[in-house]
Amino acid sequence: MKRRDFIKTGSLAGIGAGLTILNFPVFGKNAPSNKLVLGVMGVNSRGNWLAQVAAKLPGAEIGYICDVEDGAIQKGLKAVAGAQERKPTVIKDIRKLLEQKDFDALIVAAPDHWHAPAAIMATAAGKHVYVEKPCAHNPHEGELLVAAAKKYNRLVQMGNQRRSWPNLQQAIKEVKEQGIIGKVHYGRGWYVNDRQPIGIGKKIPVPGTLDWDLWQGPAPRRDYLDNIVHYNWHWRWHWGTSETCNNATHELDCLRWFMDLEFPTKVTSAGGRYAHPKDDWETPDTQTLNFEFEGNKAITWEGRSCDPFTLEGSGRGFAIFGENGSLYNSGGDSYKIVDNKNKVVKEVKQAANPDQSVTNTVSPAGEFYDAVHINNFLESIRGKATLNSEINIGYRSTLLCLLGNIAQRTGRILHTDPANGRILNDKEAMKLWEREYEKGWAPKI
């Protein structure tokens, strides 16, 4: 079955009513009132995948690709070539792209330091935005993005796709409406990987295939090194946001979702670059974050970027603990309920996914599980759905990660305002609430 037909008919076995969010108009993809034209910024890896998934959805077309590296551009063009007849127009400069009037929404999947500035510019240009996690490089950017979405009346969805997964939506009802494990007081998330050292970067001439100035964009200028592009920028504070924003965002978001948590009152972090300390990797590869909230609730996240030993039998996941039992998630669209005698009283497994591949590093869960979240965004633009992760939700989950980073970098216990997450009585920590920008690039609304 073709991907487009698969999504349209909702025939994924075992999900059934969970696919009621996928209600497409009967007039077909090319109906003028139904068709949405998208631009995609950043198509080397995750953005390449999102472009491919979005292009296969009924009523969607990739009209523009925006990237600053020639190899990535070719990958992006190839990714959508089999899904649509139109060849996307390539525009390298996001500012030039946003001058175009003939597209509806922008998908932002460039490096982290670009997420909020590009999304803010897009809302000001009248575009709806799907922004990959994290939605910001620092808390100030996140606040600006929330304000921009409101000011320009644009829909902004963050790519924490678990909010759209059918079985997790079912689990939410059981936990929050039916009280299946009683009052919840503690949650735990985890993520492990086997990342290798990145070495010591050498200053070399910028490759002719890369516009290094545009790649840096809002970030103050640095020399080009041979171990930054395409991926290792994640582990440099100047551009990246650590494994916390790279992966903890998902589990911390689920813990917030399941436990009705907003902003914390206290944040602590322990860890460092332990596994391979003699390279350019600046962010922690080993880290434990703790967050306390009003109402006698707390959550913890443990990350080990360079040690693949699993926790609770999986490389990532989360668990919540209540007065009558616990809920466990092993990273995918599945869960099990365990009572206080360690007896499994219910288990819901992820449905068979014909697109899932263990080798798909940009979407380990498979195509369907990204498609439902993107489609929720598109259907919300059409007025037929409500965003599952509008930017207020996305920012609050991102903020937990950013606060964890600030606690780690300062070595301080952070006390925060439960009304907005701002750090209280700590001028040194608040210096990391925002960053310096290259002249002329600071985001503003």
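At what angle do helix H2 and helix H3 pack, and how far apart are their axes? Let's start there. A reminder before the answer: this is a predicted model.

Helix H2 covers residues 46-55, and helix H3 covers residues 70-81. The two pack at an angle of about 25°. Their axes are 8 Å apart. Angles under 35 degrees count as roughly parallel, so H2 is roughly parallel to H3. The crossing of H2 past H3 is right-handed.

Now, which residues make the contact? From H2, they are Asn48, Ala51, Gln52 and Ala55. From H3, they are Lys75, Gly76, Ala79 and Val80. Look at the mix in this contact of H2 with H3: four residues are nonpolar, three are polar and one is charged.

Next topic, the cysteines. How many disulfides does the structure hold? Zero. Take cysteine 245, which is in no disulfide. The nearest cysteine sulfur belongs to cysteine 401, and that sulfur is 4.6 Å away.

Why is there no bond from cysteine 401? Its closest cysteine sulfur is the one in cysteine 245, and 4.6 Å is too far for a bond. The cut-off here is 2.5 Å between the sulfur atoms.

One more point on these residues. Is cysteine 245 buried or exposed? Cysteine 245 is buried, with a relative accessible area of 0%. Cysteine 401 is buried too, and its relative accessible area is 0%.

To recap: H2 and H3 pack at about 25°, in a right-handed crossing. And the structure holds zero disulfides.

Technical notes
Residues are numbered from 1 along each chain as its sequence is written. This is a predicted model: local features need pLDDT of at least 70, side-chain atom pairs count only at pLDDT 80 or more; totals for chains, interfaces and linings use all residues. Side-chain values use heavy atoms; hydrogens and water are left out. Axes are lines fitted to C-alpha atoms, for helices over the stretch in contact, and angles run from 0 to 180 degrees between N-to-C directions. Helices (H or I, at least four residues) and strands (E, at least two) are DSSP runs, numbered from the N terminus. Angles under 35 degrees count as roughly parallel, over 145 as roughly antiparallel, 65 to 115 as roughly perpendicular and the rest as oblique. A crossing is left-handed if the near helix is turned anticlockwise from the far one by less than a right angle, and right-handed if clockwise. Contact means heavy atoms within 4.5 Å. Ala, Val, Leu, Ile, Met, Phe, Trp, Tyr, Cys and Pro count as nonpolar, Asp, Glu, Lys and Arg as charged, and the others, Gly among them, as polar. Buried means under 20% relative accessible area, exposed over 50%, partly exposed in between (1.4 Å probe, protein chains only).
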